[in-house]
Amino acid sequence: MIAERMIELFTDYTLRNVTIGSMLLGAISGLLGCFAVLRRQALLGDAMSHAALPGIALAFLLTGQRDTFTLLLGAAIAALAAALWLLAIVRTSRIKDDAALALILAVFFGFGLVLLSYVQRQPTAAQAGLKSFLFGQAAALVERDLWAMLAIGGPALALIAIFWPQVKLISFDPDFARSLGLPVRRFEVLLTSVIVVAIVIGLQTVGVVLMSAMLIAPAVAARQWTNRLETMVLLAAGFGALAAFSGAWISALGERLATGPVIVLAMSALTAISLLIAPERGLLWRRWRLMRQWQSGNGE
Amino acid sequence: MAFAVEIEDLTVAYGDKPALWDVDLRVPQGVLMAIVGPNGAGKTTLLKATLGLIKPAAGSVRIYGQPYERQRRLVAYVPQRSSVDWDFPTTVLDVVMMGRYGQLGWLRRPGRAEREAALAALEQVQMADFAHRQIGQLSGGQQQRVFLARALAQNAEIYFMDEPFQGVDAVTERAIIHVLRKLRAAGKTVVVVHHDLQTVPEYFDQVALINVRRIAAGPVREVFTEANLRATYGGRVAILGANGSAGAVTTPTPAPGD
Amino acid sequence: MLTPQLEVQLIAVIIAAACTLPGVFLVLRRMAMLSDAISHTVLLGIVLAYLISNSLASPLLFVGAVAMGVITVWLVEVVSGSRLVREDAAIGLVFPALFSLAVLLISRYAGNIHLDTDSVLLGELAFAPFDRITLWGIDLPRALFFGSGALILNAILLALFYKELKLATFDPALAATLGFSPAIIHYGLMTSVSLTAVTAFDAVGSILVIALMVAPPATAYLLTDRLPRMIGLSVAIGVAAALSGYWVARWLDVSIAGAMATMAGIGFGAAWLFAPQRGIVAQALQHRNRRERFAVQMLTLHLLNHEGASDAVIECHPRHLIEELRWQPAFADAIVRRAEQNGFIRRQGEVLCLTEQGRALARDL
């Protein structure tokens, strides 16, 4: 039964969309999230994904469309606006980034709720489902959504690949990059936009509340297993896809298990395991090595 | 006389506070120059403004008579060690190869030529054995030598270094000094932000004394005098003792009105 | 007897005040994002306590939720304490995991009871007056009773430990050497945050809890430098956001919690732009004035440096200033005029000369 289900994930039309969509999301956000974590902006993703909510509602209110592309465009614009305001607050005032993050997250989200409650009073039936962006609704993914994900995620990945040496250098040492004459500011905007792309892709599957986990956890897990950025980025994509696959599978097995939270839990488990047993860095691994040293020290 | 670096009227302000006031500084080619001054005197600011990392309120920087922007490839930079995250997932060799990115152009990937240049630079700082180590596994002095190697890989004419001797072991200090002298012998120019007054006469040919304004600059023998030091440090003995050198060279008494 | 309308406003005001008190210290201690984590994970505490006690009325729910908030903070510290993960990433790892677990447990084992994940995030203040309890013969909304309890408790804690909190916030090392354990103060504060979040989120939702804990103190921080004034202002701003949000929500018939968060954000935006000394507008004005004063000083200094030198005719020519100091011609004119008016320089033909006064200014710099 369990194995049958696993095959069905790829043969059954609906399940296939859910599985492939989730895996795409996991891989893309895992890969792009590495830069958020390495550039010390882990929680920016959390703030931006919450901030996407009013964008979704506004896009719907202005266009009357419930078409994925329109809504996600609105989400992206709102998330970017939030990121820009955040940078402006930190740069021009004494408010530190933690307070600015929390403030923007809550205020944008609150404004999103206002719009959402306004939308829900509208007589049109089309408003149904906007709320699914809160926790995502992987089960509702259709083939069109997969193409939309690829269409948005593909260019982002391509940009990272094309400018890989520069992206790597700027993530590690922006001051030195500037001294070489690289347009560091523009790259910072690029890297932030790329995180927005990852968020927008994830909104349908895991929703605004849990999206930050899909950015942070794969990167943290991958970091424990390797000391090379190239490997880390690919590993993070792999972990993200693996967690998404197991999430889709488990939620297909059990009743009333929403895909988004299951994916996040699977990813968290992978991360916890990595933090414990990864060679060289893992906590248990280090303890085990210490014990070995101590024993061989006593043996002599 | 050919000047490698000509800084004119450089003024930098952070909000209310001027960090540098109308500084003029000329660095002749082929010298080792120390920039010396108390904490908060604007030494790092001077370096960063010269390199265009901070926008100055006024002033100009010329490299061999041309505006800095056009001469960028002639300049290498060694930032303070603490300015980056040493847990970043990358190897020593990778970091040193980053020194070649300026010459690499946009779409090319670093290849064998860059690798060899990086390995040669590591050899010069006696770090070749560490090429494939993760940077987080290095000691402070080794990290400093990696940064130095990255600058050497740039194969520049002028080197700007921000406190390369800060908190390093004796081996590293000797290795750095050895490299500096080799650079000078090759006709390169090196400008170093420096903390330890005691070693200035031994390590450097020229010195610039800075405290928001330029106090004095020129050959060490002429400029590194007690009067100038007192003018720079305001006679604060604590600063001379604080860099850990046993027995400071001078013990200026507090200047009147300080 | 209060009307439901008044009761809702009273609840909002009390909860806003209760949230802002610990919020001030979260903002000052740079731990604002912990409010995000705590206000989400208390849900897991409630669910676990419910599954153990099998009752929604059990006091265990409250205890479990508060404990889970503190456990969240502790877990974040354990993860970042391993030095494998930075603190911000640790927050981003811990709370989504715990929150996901809560969501799944609810949908799996508690789907038929009143524990709706939407209302946890969003809150529904309008329903608060219908959930009532009777105490000592007085019939009160539950949220009003518990909200007041949290407010009173927070006020008492603040009054008792004001000195310690202040010291531990501004100089943790000194606090430790004086014998006030920073850990105790930290966990005390976190318990208070957690307790307030649990009390508040039932009525207003976890997102508004974050908004009320962070936005009013951040706004107040732009308006004053003194801690007592900041606390007072924060409470006032929180209350104002709650009331104005309520009326906006009634007027437009939209989500009350959302409107309150929005008003808190608008308040912050206004302070950010127009605060008397720290606002963007005030900064721009100060900047212009400072730039001109600074430029005049630079001009005198430049003239002093080149006074009497062989190249003085070139260096002290107004045209040279445009080149050398990178000034726009119009700006250079304005600065030369300003310096002249202040009596720092005078013209000798084409060349600018320092007056005695100008020389003194330049020497003083």
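Start by selecting chain A and chain C: together they bury about 4900 Å², 72% of it on carbon and sulfur atoms. Keep in mind that this is a predicted model.

Next, pick out L43(A), R94(A) and F135(A), the residues of chain A that lose the most area to chain C, together 13% of what that side buries. Widen the selection to everything in contact, and you will have 57 residues of chain A and 57 of chain C.

Now zoom in on R94(A). It forms a salt bridge with D225(C), where the closest N and O atoms are 2.9 Å apart. The count of salt bridges between chain A and chain C is one, while 11 residue pairs are in polar contact across this interface.

Colour chain A by helix. Among the elements that give two or more residues to the side touching chain C are α2 (13-38), α3 (44-63) and α4 (68-92) of chain A. The largest share, 15 residues, comes from α5(A). By residue class, that side of chain A divides into 36 nonpolar, 10 polar and 11 charged.

Then move to chain B and show its open sheet, four strands in the order β2-β1-β4-β5 with antiparallel pairing. β2 (17-28) and β5 (66-67) of chain B each have a single partner strand, so one side of each has no neighbour in the sheet. Look at β4 (58-63) of chain B, joined to β5(B) by two bridges; I63(B) stands opposite Q66(B) there.

Finally, select helix α1 (43-50) of chain B, which lies across β1 (3-14), β2 and β4 of chain B at about 115 degrees to β1(B). Add helix α12 (280-306) of chain C: it packs on the sheet, touches β1, β2 and β4 of chain B, and makes about 35 degrees with the direction of β2(B).

Key:
Residues numbered from 1 in each chain as written. Chains lettered and ligands numbered in written order. Predicted model: local features only at pLDDT ≥ 70, side-chain atom pairs only at ≥ 80, totals over all residues. Heavy atoms only, no water. Pairing = 2+ DSSP bridges. Contact = heavy atoms within 4.5 Å. Axes fitted to C-alpha atoms, helices over the stretch in contact; angles between N-to-C directions. Buried area = accessible area lost by both parts, 1.4 Å probe. Salt bridge = Lys/Arg side-chain N within 4 Å of Asp/Glu carboxyl O. Polar contact = N/O pair within 3.5 Å; in protein donor to acceptor, adjacent residues only side chain to side chain. Nonpolar A, V, L, I, M, F, W, Y, C, P; charged D, E, K, R; others polar.
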